[in-house]
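Hello,

Here is the structure I promised to pass on to you. Have a look at it first, and then read on for what turned up.

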Amino acid sequence: METAASASTSTPEGDSGQHAAAAPPRMTTVSKHYFGGASSAHNHDLRNIEEDYGMFVWPCSVILAEYVWQQRSRFTASTVVELGAGTSLPGLVAAKVGADVTLTDIAHNTEVLNNIRQVCGLNNVNCTVLGLTWGEWDEPTFDLHPDVILGADVLYDSAKFDDLFATVSFLLENSPGAMFITTYHNRSGHHLIEFLMVKWGLKCLKLLDGFSFLPSCKAASLQGNIQLVEIALDKEKPNCSSADENNL
């Protein structure tokens, strides 16, 4: 599995054209990620990834992609939507194991959307690429009926939390029986996620330490307190507690 990320540099503000060096050619880094078998090594070159968060393979993405791989029987022949896909690693794994995948990111961020299309070509997968901005109700959003919604490290900007959960709630309402699976850095405790779930009428089905199921060869290169949570519409009383590895 390969993901590509583009990066560019710009002239420092205040330099005149006379003294500024010519901009270097656009550069692309390619990271390789292996799932299953004896070749589960993780090798990632991040030297040229500096400007755009949407073009960085974050640890949460690696962990969610691994979870999709280990749970691949759930994803075969399912319909999957990845929110804030960026380099799209979880969605690519879902596509590789037989899911019908729609990869989404901010509608006006054409650079990231084009990068997603490039990544699909690199990996020879046929995914739909869609501009979807959280909290905005464009017509294509109403046509999405996922079995599973994926989101890796989408809980990074508190100003966007309500827009994200509004979108997740809408998609779950639009798709009876669907669930939202997300990985996030647990920076301020799970109580924030619990608050948002109650606010938006959702409940936790499973909560895992992201490193509890990650192969050691991948865990060695990642850092952080990363949680994975499965979320569904709340038809009863919310109840979210840590799950053990027997739930995998």
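Is threonine 102 buried or exposed? Before the answer, one caution: this is a predicted model, so please read everything below in that light. Threonine 102 is buried, because its relative accessible area is 10%, and the cut-off for buried is under 20%. The residue sits in strand β5, which covers residues 100-105. Leaving aside residues up to four places away in sequence, threonine 102 touches Val80, Val81, Glu82, Thr128, Leu130 and Leu144.

Next, a pair of helices. Helix α1 spans residues 59-70 and helix α3 spans residues 89-96; their axes come within 8 Å and cross at roughly 15°. The two helices are therefore roughly parallel to each other, since angles under 35 degrees count that way. The crossing of α1 past α3 is right-handed. If you want to see who meets whom, select Ser61, Val62, Leu64, Ala65, Val68 and Trp69 on the α1 side, and Leu89, Pro90, Val93 and Ala94 on the α3 side. Sorted by character, the residues of this contact come out as nine nonpolar, one polar and no charged.

Then there are the aromatic rings. Searching the whole structure gives three aromatic pairs. One of them joins tryptophan 137 and phenylalanine 170: the ring centres are 5.2 Å apart and the planes stand at 50°, so this pair is tilted. Tryptophan 137 belongs to the loop between β6 (128-131) and α5 (139-142), while phenylalanine 170 belongs to helix α6 (residues 161-173), so the pair ties together parts that are 33 residues apart in sequence. Both rings are partly exposed, with a relative accessible area of 39% for tryptophan 137 and 22% for phenylalanine 170.

Phenylalanine 170 also pairs with phenylalanine 142, and here the arrangement is edge-to-face, with 5.1 Å from centre to centre and 75° between the planes. That pair links distant parts of the chain as well: phenylalanine 142 is in helix α5 and phenylalanine 170 in helix α6, 28 residues apart. Phenylalanine 142 counts as partly exposed too, at 42% relative accessibility. Taken together, Trp137, Phe142 and Phe170 are linked by ring pairs into a cluster.

That is what I have for you. Enjoy looking around!

Best wishes

Definitions and conventions
Residues are numbered from 1 along each chain as its sequence is written. This is a predicted model: local features need pLDDT of at least 70, side-chain atom pairs count only at pLDDT 80 or more; totals for chains, interfaces and linings use all residues. Side-chain values use heavy atoms; hydrogens and water are left out. Axes are lines fitted to C-alpha atoms, for helices over the stretch in contact, and angles run from 0 to 180 degrees between N-to-C directions. Helices (H or I, at least four residues) and strands (E, at least two) are DSSP runs, numbered from the N terminus. Angles under 35 degrees count as roughly parallel, over 145 as roughly antiparallel, 65 to 115 as roughly perpendicular and the rest as oblique. A crossing is left-handed if the near helix is turned anticlockwise from the far one by less than a right angle, and right-handed if clockwise. Contact means heavy atoms within 4.5 Å. Ala, Val, Leu, Ile, Met, Phe, Trp, Tyr, Cys and Pro count as nonpolar, Asp, Glu, Lys and Arg as charged, and the others, Gly among them, as polar. Buried means under 20% relative accessible area, exposed over 50%, partly exposed in between (1.4 Å probe, protein chains only). Rings of Phe, Tyr and Trp (its six-membered ring) pair if their centres lie within 6.5 Å; planes under 30 degrees apart count as stacked, over 60 as edge-to-face and the rest as tilted.
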